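User: I'd like to learn how to read a protein model feature by feature. Could you walk me through this one?

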Amino acid sequence: MSETTLTIPQADPRANYLAHKGEIDAAIARVLEGGRYILGQEVVAFEEEFAAYLGVRHAVGVASGTDALELALRAAGVGSGDAVFTVSHTAVATVAAIERSGATPVLVDIEPTGYTMDPNQLEDAVKAYRRSSVVVRPKAIVPVHLYGHPAAMSAILDIAQRYDLIVIEDCAQSHGASLCGRKTGAWGHLATFSFYPTKNMGALGDGGAVVTDDANLAERVRLLRQYGWWQRYISVSPGFNSRLDELQASVLRVKLCHLDADNARRRAIAAAYTRLLADTNLILPVCQPEMEPVWHQFVVRTPHRDALQAWLATNHIGTLVHYPQAVHQQPAYAGRILSNGSLPHSEEAAAQVLSLPMYPELTDEQVLHVVEMIHRWSENV
Ligand SMILES: *Cc1c(COP(=O)(O)O)cnc(C)c1O
């Protein structure tokens with residue numbers, strides 16, 4: 001391939017399908033022939049396999065990562081009148097799900113280098129809301145393991161314990177990541193996953209899961225995902241329709257078998273980017289030694305972000321900005337969502353971050369090409 005025609009997307013879910021095409025096609029054929037398309041043996045098997053992989057007791061498949069968060073919050077008894085602390089530097093879905101549960105999101109700032117919730121900011125916010133005359137009372141924390149990097153769970157759990165708060169991890173970007181040898185998703189009272197196609201473990205459509213060690217919470221999520229049915233046609237509580245379907249579950253069982261290998265390849269790509277971009281003026285991701293991130297994104301940072309993105313686009317290299325505005329800056333939320341004062345680190349990140357191409361099928365040649373084009377740009381700024 002000549003340099004001018006080397007087109008590199010930022011993410012490539014089709015490449016992952018093609019990498020496992022034989023197994024995925026066979027799994028889909030099995031479901032089509034089996035004749036059961038909703039909540040059958042594929043979902044049951046996937047739930048067991050995924051829970052075992054994470055080291056938790058229960059997993060419940062649902063329709064999306066957003067639904068997973070809403071159902072987890074509702075199962076934990078979080079709703080109207082409750083303050084739920086999360087970050088503004090996240091997918092808008094995190095905050096949307098908290099509002100859908102009836103609770104009030106309270107946004108706290110991130111640590112500037114790790115891009116995840118700053119535990120000091122969290123504790124300040126919790127204290128402020130306990131004292132304040134605002135009607136909402138602190139109830140839960142939703143840390144987000146953004147870009148595949150674990151949030152500071154020890155400090156966050158410590159705060160949760162001292163102030164009697166529920167912790168629900170948003171693991172939509174951290175399938176397989178761990179902290180001190182324990183997987184993300186195995187730290188909080190509950191945790192939620194998305195299987196959107198570009199996530200580290202992606203379905204061929206929408207999907208999500210709630211995981212927990214607590215049998216009662218798992219049972220409540222199971223009721224909520226299907227009309228509150230305790231048995232067919234008999235609802236014991238109000239509920240929703242938020243089911244993982246058999247086709248997606250069968251695909252996810254294949255993807256789960258390859259998750260560790262796919263994450264290892266992401267790590268190798270991240271190591272190459274880190275080594276080869278060290279001499280540029282870009283700020284590179286920082287990892288604490290106790291972390292094993294899974295590099296959902298490889299995010300660099302520069303005040304000249306838009307120029308770098310435009311230069312790479314001209315050279316047929318795809319990049320994305322996760323995310324161009326913090327949630328509290330977006331039209332739907334600006335001036336309406338509560339925060340702990342201003343969120344300068346979140347706003348600065350939104351202005352400067354850029355996600356380079358990152359997916360397991362990215363070749364070494366492509367990585368070198370991306371690095372080469374960044375070097376050429378870097379020499380001129
Ligand atoms: C993708 C994502 C979600 C939402 O998941 P969906 O399956 O798209 O509903 C929630 N939180 C984070 C951090 C995400 O990246």
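**Reading the fold step by step**

Analyst: Gladly! Keep in mind that this is a predicted model. Let's begin with a small sheet: three strands form an open sheet in the order β7-β6-β12, with antiparallel pairing.

User: How should I read a sheet like that, and which are the edge strands?

Analyst: The general idea is that strands of a sheet pair through backbone hydrogen bonds, either parallel or antiparallel. Here the edges are β7 (182-183) and β12 (291-292), each of which pairs on one side only. Strand β6 (residues 178-179) runs antiparallel to β7, and two bridges join them. Within that pairing, Leu179 stands opposite Arg182 in β7.

User: What lies in the loop between β6 and β7?

Analyst: Cys180 is found there. As background, most residues other than glycine have a negative phi, and most peptide bonds are trans. Cys180 is not a glycine, yet it has a positive phi of about 50°.

User: And which peptide bond is cis?

Analyst: The bond from His322 to Tyr323, with omega near 10°. Tyr323 sits in the loop between α10 (305-314) and β14.

User: β14 is a strand, then. Which sheet has β14 in its order?

Analyst: An open sheet of eight strands, ordered β1-β9-β8-β5-β4-β2-β3-β14, with mixed pairing. Its edge strands are β1 (58-62) and β14 (338-339), and each pairs on one side only. Looking inside the sheet, β8 pairs with strand β9 (residues 208-212) in the antiparallel sense over four bridges. One residue to find there is Phe193, whose bridge partner in β9 is Ala209. Helix α8 packs on this sheet, touching β1, β8 and β9, and its direction makes about 15° with that of β1.

User: How do I describe two helices that pack together, and at what angle do α4 and α8 cross?

Analyst: Two packed helices are described by the angle between their axes and the distance between the axes. For helix α4 (residues 65-75) and helix α8 (residues 215-225), the axes come within 9 Å and cross at roughly 125°. That makes α4 oblique to α8. Their crossing is right-handed. From α4, the contact uses Leu71, Arg74 and Ala75; from α8, it uses Leu217, Arg220, Val221, Leu224 and Arg225. By class, the residues of this contact are five nonpolar, no polar and three charged.

User: Now a second case, please: how do α2 and α9 cross?

Analyst: The axes of helix α2 (residues 21-34) and helix α9 (residues 246-276) come within 9 Å and cross at roughly 150°. The two helices are therefore roughly antiparallel to each other. Here α2 passes α9 in a right-handed crossing. Residues of α2 in the contact include Ile24, Ala27 and Ile28, while those of α9 include Leu247, Val251 and Val254. The contact of α2 with α9 has eight nonpolar, two polar and five charged residues.

User: Last one: how do I read aromatic pairs, and how many are there?

Analyst: A pair of aromatic rings is described by the distance of the centres and the angle of the planes. Counting rings of Phe, Tyr and Trp whose centres lie within 6.5 Å, the model has 10 aromatic pairs. Take Phe50 and Phe193: their ring centres are 4.9 Å apart and their planes are at 80°, so the pair is edge-to-face. This pair links distant parts of the chain, with Phe50 in helix α3 (residues 41-54) and Phe193 in strand β8 (residues 190-194), 143 residues apart.

Key: Residues are numbered from 1 along each chain as its sequence is written. This is a predicted model: local features need pLDDT of at least 70, side-chain atom pairs count only at pLDDT 80 or more; totals for chains, interfaces and linings use all residues. Side-chain values use heavy atoms; hydrogens and water are left out. Axes are lines fitted to C-alpha atoms, for helices over the stretch in contact, and angles run from 0 to 180 degrees between N-to-C directions. Angles under 35 degrees count as roughly parallel, over 145 as roughly antiparallel, 65 to 115 as roughly perpendicular and the rest as oblique. A crossing is left-handed if the near helix is turned anticlockwise from the far one by less than a right angle, and right-handed if clockwise. Contact means heavy atoms within 4.5 Å. Ala, Val, Leu, Ile, Met, Phe, Trp, Tyr, Cys and Pro count as nonpolar, Asp, Glu, Lys and Arg as charged, and the others, Gly among them, as polar. Two strands pair if DSSP finds at least two bridges between them. Rings of Phe, Tyr and Trp (its six-membered ring) pair if their centres lie within 6.5 Å; planes under 30 degrees apart count as stacked, over 60 as edge-to-face and the rest as tilted.
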